[in-house]
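This report describes a two-chain model, beginning with a single residue and widening to the chains and their contact. Please consult the sequence and structure shown here alongside the text.

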Amino acid sequence: MRWSNRLIAAGLLFISLFAVAEQETLIFDNDTLRERYLDLTQQLRCPKCENQNIAGSNSPIAEDMRNKTYELLHLGYSDDQVVSYMIDRYTEFVIYQPRLNWGTVWLWLGPVMALLLGGLMVAWLARRSGAEPPDELSDDDRSRLQTLLDKDS
Amino acid sequence: MSKRLVFFMPLVAIAAMMALFAFALLTGVNPQEMDSALEGREMPAFRLTDVNDSQRTLTEESLDGEPYLMNFWATWCPSCKFEHPYLNSLASEGVRIIGVNYKDDRELAVTWLRDYANPYDIDVFDPNGDLGFELGVTGAPETFFVDSSGIIRHRFQGPIDSALWENKLKAVYDAME
């Protein structure tokens, strides 16, 4: 029993070695570069498969972009420069986080403006209903009401 | 403005959004369609060899002169095989086509061009897809329309057939100088 368990455990360990080896074939100059590479490949979107980043896609173009990212990082490009390099060739389609320009500024301004507008509307409605003077009952009305209530009970 | 009108504003906003989404759905806006970053820009610099002659170097200057179509193709690409006869007929009508053999094997490419005829004025060999990357190519076939001063005017993804050419692409080609 124990003997066979050990054999299975050893077998699984052996298989897992290959699994790791297959993922990590890239060699980096240092750990910072590796982290930046992993970060960038998570951020860049595969142009052929719209709902995957290049780290998670097996399409040939995603592989090319991963290789290019690796190459550019080792050439001393900054993260922004790598992203710009990709945008120059594959358009802003390849970034998930939109860049700030006249077309996209509404993504930031829109919610703020909607919030402001909503706030103003609430304030306006509150003031309008607050401005109406409450109907005061005259003494006559009060006594009439009292008689009506008394009559019922 | 009456109070009632204010309460209708969110409803109006929702209706406007639904109209926008319905428009996108019904007119068939394709989310996979991606503009080319290269349109309006110059043909990037490259240094590659000729498919038929590994000793012959080709650069962006080798292509200058007349307007041309730059067609990315590969022997591993089924749509390229479908497109090939039409490229042959375009070439016979006098359309100048530059072929870029993309991420392929030289011998397979030479055999293909011998067996299926060669519509290309110049055959560029791009085994690693370097020129493809510079041009934002995501696969084959892909065709760039380049004018005589080397400016990219249009990019078309997918195989070209006679209907596409007559209805859309011929006009783009004829407009180039």
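## A buried glycine in chain B

B:G132 lies in helix α4 of chain B. The model is predicted, and the values in this report are to be read accordingly. B:G132 counts as buried because 23 other C-beta atoms lie within 10 Å, and a residue needs 20 or more to be placed in that class.

Which residues does B:G132 touch, apart from those up to four places away in sequence? They are B:F72, B:Y102, B:D126 and B:V137. For one of these partners, B:Y102, the C-alpha atom is separated from that of B:G132 by 7.2 Å, although the two residues are 30 apart along the chain.

## Backbone features in the loops of chain B

The loop between α4 (130–134) and β6 (142–146) of chain B contains B:P141. A cis peptide bond joins this proline to B:A140, with omega about -5°.

Two residues other than glycine have a positive phi. B:K103, in the loop between β4 (97–102) and α3 (106–115) of chain B, has phi near 45°. B:A117 is in the loop between α3 and β5 (122–126) of chain B, and its phi is near 75°. B:K103 has 19 C-beta neighbours inside 10 Å and therefore counts as partly exposed, since the buried class begins at 20. B:A117 is also assigned as partly exposed, because 13 C-beta neighbours lie inside 10 Å and the exposed class ends at 12.

## Architecture of chain A

Chain A has six helices and zero strands, and reads α-α-α-α-α-α along the sequence. Of its 153 residues, 12% are buried. Among the contacts in chain A between residues at least 6 apart in sequence, 39% join residues at least 24 apart.

The chain is divided into domain 1 (27–94) and domain 2 (102–129). The centres of these two domains of chain A, taken over C-alpha atoms, are separated by 38 Å.

## Helix α4 of chain A and its surroundings

Helix α4(A) has twelve residues and reaches 16 Å from its first C-alpha to its last, close to the 16 Å expected at 1.5 Å a residue. Its buried residues include A:V82, A:V83, A:M86, A:R89 and A:Y90. Seen down the axis of α4(A), the buried residues fall within an arc of 135°, so they line one face of the helix. An α-helix has 3.6 residues a turn, so residues three or four places apart point the same way. The buried residues of α4(A) pack against α2 (31–43) and α3 of chain A, together with α4 of chain B. After the helix comes A:T91, whose phi is positive, near 65°.

A:T69, in helix α3 of chain A, is buried because 25 other C-beta atoms lie within 10 Å. Leaving aside neighbours within four places in sequence, A:T69 is in contact with A:Y37, A:L40, A:T41 and A:V82. The last of these, A:V82, is itself among the buried residues of α4(A). The C-alpha atoms of A:T69 and A:L44 are separated by 9.8 Å, with their positions 25 residues apart along the chain.

## The contact between the chains

How many residues does each chain bring to the contact? Chain A gives 14 residues and chain B gives 13 residues. On the side of chain A that touches chain B, α3 (60–74), α4 (79–90) and α5 (106–131) of chain A each supply at least two residues. By class, that side of chain A has six nonpolar, one polar and seven charged residues.

## Confidence

The model scores ipTM 0.82 and pTM 0.75. Chain B averages a pLDDT of 91, and 98% of the residues score at least 70. For chain A the average is 83, and 84% of the residues score at least 70.

Among the elements of chain A, α4(A) has the highest mean pLDDT (94), whereas helix α1 (residues 2–23) of chain A has the lowest (60). Over residues 19–23 of chain A the pLDDT is below 50, and this stretch has zero contacts in the model beyond near neighbours in sequence.

Key. Residues are numbered from 1 along each chain as its sequence is written. Chains are lettered from A and ligands numbered from 1 in the order in which they are written. This is a predicted model: local features need pLDDT of at least 70, side-chain atom pairs count only at pLDDT 80 or more; totals for chains, interfaces and linings use all residues. Two residues are in contact if their C-beta atoms, placed from the backbone, lie within 7 Å. Helices (H or I, at least four residues) and strands (E, at least two) are DSSP runs, numbered from the N terminus. Ala, Val, Leu, Ile, Met, Phe, Trp, Tyr, Cys and Pro count as nonpolar, Asp, Glu, Lys and Arg as charged, and the others, Gly among them, as polar. The expected span of a helix is 1.5 Å times one less than its number of residues. The arc is that of the directions from the helix axis to the C-beta atoms. pLDDT is the predictor's confidence in each residue, from 0 to 100. Domain bounds come from an automatic or database domain assignment.
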